[in-house]
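Trainee: Could you take me closely through one part of this model, the strand pairing, and then follow it outward to whatever surrounds the ligands? I would like one connected account.

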Amino acid sequence: MTAVLFDRIALIGIGLIGSSIARDIRKLGLAKHVVISTRSAETLKRAEELDLGSSYTGSAAEAVEGADLVVVSVPVGASEAVAQEIASRLKPGAIVTDVGSTKASVIAQMAPHMPDGVHFIPGHPLAGTEKSGPDAGFAGLFKGRWCIFTPLPDTDPEALARLRNFWEALGSRVDEMDAVHHDKVLAIVSHLPHIIAYNIVGTADDLETVTESEVIKYSASGFRDFTRLAASDPTMWRDVCLHNKDAILEMLARFSEDLAYLQRAIRWGEGDKLMELFTRTRAVRRSIIEAGQDVDVPDFGRQRPDA
Ligand SMILES: NC(=O)C1=CN([C@@H]2O[C@H](COP(=O)(O)OP(=O)(O)OC[C@H]3O[C@@H](n4cnc5c(N)ncnc54)[C@H](O)[C@@H]3O)[C@@H](O)[C@H]2O)C=CC1
Ligand SMILES: O=C(O)C(=O)Cc1ccc(O)cc1
């Protein structure tokens, strides 16, 4: 068992990510007391049934009282409301972090509300599945996955080291970068793939003759992979799109340009151009596998190592 890292941890939001963190804390004994808070009474009740924490409250403000670490795991669009609610009740010296998929917007929403003496360190674990809610989480989700911190310039190194220890105890590898850079990188590696998936599945659904039955009946693995991403939580992804607007639009513009190139090569029968692209992209996949980054999310999710 790993040592206790924080006496009291408050988890605000207990969906896929919050509940996975809760399961790891419990399994590894990382805290003496874990207080769980979430907006919906139904989700809070479910968290209690799953025995994810030590105590439960519908009030985020009440939850953070006396907490040494506060982890906010809510859709990014709810960040400011949570920051506003907890601000006056935070313990001096407490570390406040989040797990949001976009970072510049979360900082803009939360940082202005953080009192002096509280260490606000934005974070983003690059791990998840298309599922949501407290039942979808599992211990071990973060093992071998990156967690990116986007610390503000005046962040206390000691607080940063404590948070790094926490994520490393969960099995993550921690990296640091600035929030704008994070948002650009994530726009291409995560946000665009989800948007493309929502779009292709939406297009197929609009083709009525196909949707009669054939989309389901003949869905080959390529399309099925897209439907997994396109089944991701609508609220979460609406918020990601609205809160990483500039970087997503920039990447979408590049994507559309490259798609037009591909379209033209197909129209004019330019097989050499297709071969060049398809060969180059195969090498990208090989590099990912060689770097040990080919964690198979769907199977990993289904197997639920702690089930
Ligand atoms: N799902 C994924 O694969 C990943 C998600 N993230 C980020 O983690 C955060 C949480 O995502 P999930 O756990 O997947 O979502 P989820 O939908 O499973 O859980 C969200 C939780 O937030 C609570 N909540 C919603 N609105 C709220 C509000 N206004 N005030 C307080 N609580 C509220 C819900 O009751 C629920 O407990 C999001 O910011 C998302 O961008 C980060 C990495 C991976
Ligand atoms: O399910 C998948 O394939 C994911 O990509 C999960 C995911 C979703 C959002 C994030 O910010 C990080 C990871």
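Mentor: In this predicted model, strand 8 and strand 9, the latter covering residues 173-176, are paired in the parallel sense, and 4 bridges hold that pairing. One of the partnerships can be named by residue, since Cys 147 has Val 174 as its bridge partner in strand 9. The connection between these strands passes through helix 6, residues 157-169, and strand 8, helix 6 and strand 9 together make a β-α-β unit that is right-handed.

Strand 8, which spans residues 146-149, also pairs with strand 7, but here the two run antiparallel and 3 bridges join them. Cys 147 appears again in this pairing, as the strand 8 bridge partner of Pro 125. Cys 147 is therefore a useful residue on which to centre the view, because it has bridge partners in both pairings, Pro 125 and Val 174 in strand 9, each partnership belonging to strands that DSSP joins by at least two bridges.

From strand 7 the path leads to the first ligand. Strand 7, residues 123-125, supplies at least two residues of the shell around ligand 1, and helix 1, residues 16-28, likewise supplies at least two. That shell holds 25 residues, with Leu 16, Thr 38, Val 74, Ser 101 and Gly 133 the closest. By class, the shell around ligand 1 is made of 12 nonpolar residues, 12 polar residues and 1 charged residue.

Several oxygen contacts of ligand 1 can be inspected individually. A backbone N or O atom of Ile 17 lies 2.9 Å from an oxygen atom of ligand 1, and a backbone N or O atom of Gly 15 lies 3.5 Å from an oxygen atom of that ligand. With Thr 38 it is the side chain that takes part, one of its N or O atoms being 2.8 Å from a ligand 1 oxygen atom. Ligand 1 taken alone exposes 830 Å², of which the protein buries 87%.

Ser 101, listed among the closest residues to ligand 1, is also listed among the closest to ligand 2, along with His 124, Thr 129, His 194 and Arg 228. The shell around ligand 2 has 12 residues, of which 5 are nonpolar, 5 polar and 2 charged. Helix 10, residues 221-230, and helix 11, residues 234-243, each contribute at least two residues to this shell.

The polar contacts listed for ligand 2 are made by side chains: a polar side-chain atom of Ser 101 lies 2.7 Å from an oxygen atom of the ligand, one of His 124 lies 2.6 Å from a ligand 2 oxygen atom, and one of Arg 228 lies 2.7 Å from an oxygen atom of ligand 2. On its own, ligand 2 exposes 340 Å², and the protein buries 85% of that area.

To place these parts in the whole, the protein contains 14 helices and 9 strands, and its C-alpha atoms fill a box of roughly 65 × 40 × 35 Å along the principal axes. Its radius of gyration is 21 Å, which agrees with the value near 19 Å that a compact globule of 307 residues would have.

Conventions
Residues numbered from 1 in each chain as written. Chains lettered and ligands numbered in written order. Predicted model: local features only at pLDDT ≥ 70, side-chain atom pairs only at ≥ 80, totals over all residues. Heavy atoms only, no water. Near = heavy atom within 4 Å. Polar contact = N/O pair within 3.5 Å; in protein donor to acceptor, adjacent residues only side chain to side chain. Areas by Shrake-Rupley, 256 points an atom, 1.4 Å probe, with all protein chains shown as cover. Nonpolar A, V, L, I, M, F, W, Y, C, P; charged D, E, K, R; others polar. Right-handed = clockwise from strand over helix to strand, strands pointing away. Rg over C-alpha atoms; globule rule 2.2 N^0.38 Å.
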